[in-house]
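Dear colleague,

Please find below the structure I am handing over to you. My notes on what was found in it follow the display.

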Amino acid sequence: MIRQFYLENEYGEIYYFDYRNQTLITQASGLGFTLDIKYLEYDRMYAKSEFQLPMTEISETLIFLRGYQGYKAFVDYLSKSKKEHKLHYVTPAFASYTFVDVSSLSKAELISGTIQSQIIFKKLSLWIKEKTYEIIANGSSYGKVYPYQYPFIYANSYQGITHINNQGLDEAPLNIEIYGAFLNPEITVKKNGNIMQRLKLYVESEDATLTVISNPSDQVIKMIENGSTYDVYGLQDFEADNFLFVSHGEYEIEFKPGVSSTTVCRVTLFEGYVGI
C-alpha cells in the first residue's frame, strides 16, 4: 500500500485522491515542519529558550483523469464547506490528519495530455492521530449496543480503569464520552500514582450520552437524553480541570460513574505530531 490522501468536510463527506474520484496526486510538499526558535547566548554558547510552530502550507499537484468534468466536481465539493477540512494521510505504518483551509486552487490546465491543477492548503493544526480507549464500569459489554462504532480500540477495561500512552507532543486533549447510567460521574488521570487532572460533573441520568470535548477551539459539555440535547457546561465542578490534557507518556485513567449498573466511558486521545 502506497501513501494515500483524502479530504473530509464538516458533513463527513470524503474526497479521495485516487481512482475512486479519478483524481491523483503527483507532488506533495509541506508535510514536514518548520520551527521558529529563539535562543539565548551564554558566553558564546547558545541554548534554545522557546519555539513556536508557525502556520505553514501544504501544496499538491492534482491530475483529473475525468478532465474538466473532474475538476468541476472537485470545485463543487470544496464549495459545499464553510469550515476547515481534515486532510488525511495514510500509510501502512501511520495514519493521521491535519485541519486545513484551501488557500488557492489554480485554474485547470492541459499538461502532457492531462488536466492538472495546483492546490495550496493552509495547515491549521498539528498532524493528529486518534487513539480510543474504552472503560466499562460495573460489568461486561455483552449484549450492549452503543451509538458509535470505532475502527479500533487501543485498550479496554472492565474494572473502571485503563491505561493510555501519549506518544505525541505535550498537551494532547482527551475527549470523553459516557454511555448509560451515571450519577455525578468522575474521571481521574494519574501518573505514577499521583493525580494529575480530574473531571467531575453534577449530572444524573438512568440512560444518556454525556460528551466532554476538550479540543481548545471547541470545548463543549453536553448530554443527550431521550433524543434531546442539553448544554450541561454549567453543571461541572469548577474546582476540577474537566477539560483534560496529557503530556507525553503513560497514564492511568479511572472512571467512576456513581452508579452500580454497567456504564461505558470512551476516552479519545488526540496525539499531535509536527511532521509525518
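The side chains of E57 and K122 form a salt bridge, with 2.8 Å from N to O. Because E57 belongs to strand β6 and K122 to strand β10, this pair ties together parts that are 65 residues apart in sequence. E57 is partly exposed, at a relative accessible area of 39%, and K122 is likewise partly exposed, at 28%. Please bear in mind that this is a predicted model.

In total, the structure holds ten salt bridges. Another of them joins E271 and K131, whose closest N and O atoms are 2.9 Å apart. This pair links distant parts of the chain, since E271 is in strand β22 (residues 263–273) and K131 in strand β11 (residues 127–137), 140 residues apart. Both E271 and K131 are buried.

A further salt bridge connects the side chains of E186 and K200 (3.8 Å, N to O). E186 lies in strand β15 and K200 in strand β16, so the pair ties together parts 14 residues apart in sequence. E186 is buried, with a relative accessible area of 18%, and K200 is buried as well, at 16%. Through salt bridges that share partners, E186, R198, K200 and D237 are joined into one network.

I turn next to helix α1, which covers residues 68–80. Its 13 residues should span 18 Å at 1.5 Å a residue, and the end C-alpha atoms are 19 Å apart, which agrees. Within α1, the residues G70, Y71, F74, Y77 and L78 are buried. Seen down the axis of α1, its buried residues fall within an arc of 120 degrees, so they line one face of the helix. These buried residues pack against several strands, among them β1 (4–8), β6 (56–64) and β10 (114–123). The face of α1 turned away from the buried side carries the exposed residues Y68, Q69 and S79.

On the surface, F33, I37, Y39, Y46, F51, L53 and L169 make a nonpolar patch of about 720 Å². Strands β4 (36–42) and β5 (45–52) each supply at least two residues of this patch. Y46, which lies in strand β5, is exposed, with a relative accessible area of 58%.

Finally, two residues other than glycine have a positive phi: N192, near 55 degrees, and N242, about 70 degrees. N192 is in the loop between β15 (186–191) and β16 (194–200) and counts as exposed at 75% relative accessibility. N242 lies in the loop between β19 (228–231) and β20 (244–246) and is buried, with a relative accessible area of 0%.

With kind regards

Methods:
Residues are numbered from 1 along each chain as its sequence is written. This is a predicted model: local features need pLDDT of at least 70, side-chain atom pairs count only at pLDDT 80 or more; totals for chains, interfaces and linings use all residues. Side-chain values use heavy atoms; hydrogens and water are left out. Patches are made of residues with over 30% relative accessible area and no salt bridge: like charges are joined within 9 Å, nonpolar side chains (Val, Leu, Ile, Met, Phe, Trp, Tyr) within 5 Å. Accessible areas come from the Shrake-Rupley method with a 1.4 Å probe; for residues, only the protein chains shown count as cover. A salt bridge is a side-chain nitrogen of Lys or Arg within 4 Å of a carboxyl oxygen of Asp or Glu. Helices (H or I, at least four residues) and strands (E, at least two) are DSSP runs, numbered from the N terminus. Buried means under 20% relative accessible area, exposed over 50%, partly exposed in between (1.4 Å probe, protein chains only). The expected span of a helix is 1.5 Å times one less than its number of residues. The arc is that of the directions from the helix axis to the C-beta atoms. Contact means heavy atoms within 4.5 Å.
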